[in-house]
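Here is a short tour of how the helices and the core fit together. Have the viewer open and follow along.

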Amino acid sequence: TRAGTVALLMKTIQKLREDDAESSTTFIEHSDYCFGKIIDYLRLRAMSKVGGVPDAPAPPKVREAERTRYKRIVEFYFPGEEAAAEFLGG
């Protein structure tokens with residue numbers, strides 16, 4: 001290797017880290033299972049409104065292993081107590 005190559009590489013990596021910190025990129029968690037539950041619920045809710053059903057569908061039943069992730073995703077995409085209560089059943 002040429003002299004100074006590692007130093008240049010390290011300098012570039014540090015610059016990328018600083019640039020990333022400045023852009024404040026938000027990590028969006030993705031779970032096929034959780035998004036599927038949310039989409040299914042929204043579809044059922046829309047169909048119940050079109051069909052004239054007075055009651056909204058029950059909140060999705062989420063398996064135990066996914067409940068924390070599901071709650072975090074719902075609270076991120078649907079902020080507010082009403083929305084969370086609708087999706088989380090509470």
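## Around Tyr41

In this predicted model, Tyr41 touches Pro57, Ala58, Pro59, Pro60, Glu86 and Phe87, once its neighbours within four places in sequence are set aside. Two residues of that environment are worth following further: Tyr41 and Phe87 both belong to the largest nonpolar core.

## The nonpolar core

That core has eight residues, and besides Tyr41 and Phe87 it takes in Cys34, Ile38, Val62, Tyr70, Ile73 and Val74. H2 and H3 are the elements that supply two or more residues to it. As general background, nonpolar side chains in soluble globular proteins tend to be buried together.

## The buried side of H3

Tyr70, Ile73 and Val74 are buried in H3. They lie on the same side of the helix because they cover an arc of only 100 degrees around its axis. Against what do the buried residues of H3 pack? Their partners are helix H2 (32–50) and H4.

## Where H3 meets H4

Helix H3 (residues 67–77) packs with helix H4 (residues 81–88) at an angle of about 145 degrees, and their axes are 9 Å apart. The crossing of these two helices is right-handed.

On the H3 side, Tyr70, Lys71, Val74 and Glu75 make the contact, and they meet Ala84, Phe87 and Leu88 in H4. Sorted by class, this contact has five nonpolar residues, two charged ones and no polar ones. Tyr70, Val74 and Phe87 take part in this contact, and these three also appear in the largest nonpolar core.

How values were computed. Residues are numbered from 1 along each chain as its sequence is written. This is a predicted model: local features need pLDDT of at least 70, side-chain atom pairs count only at pLDDT 80 or more; totals for chains, interfaces and linings use all residues. Side-chain values use heavy atoms; hydrogens and water are left out. Axes are lines fitted to C-alpha atoms, for helices over the stretch in contact, and angles run from 0 to 180 degrees between N-to-C directions. Helices (H or I, at least four residues) and strands (E, at least two) are DSSP runs, numbered from the N terminus. A crossing is left-handed if the near helix is turned anticlockwise from the far one by less than a right angle, and right-handed if clockwise. Contact means heavy atoms within 4.5 Å. Ala, Val, Leu, Ile, Met, Phe, Trp, Tyr, Cys and Pro count as nonpolar, Asp, Glu, Lys and Arg as charged, and the others, Gly among them, as polar. Buried means under 20% relative accessible area, exposed over 50%, partly exposed in between (1.4 Å probe, protein chains only). The arc is that of the directions from the helix axis to the C-beta atoms. A nonpolar core is a set of buried Ala, Val, Leu, Ile, Met, Phe, Trp, Tyr and Cys residues joined through side-chain atoms within 4.5 Å.
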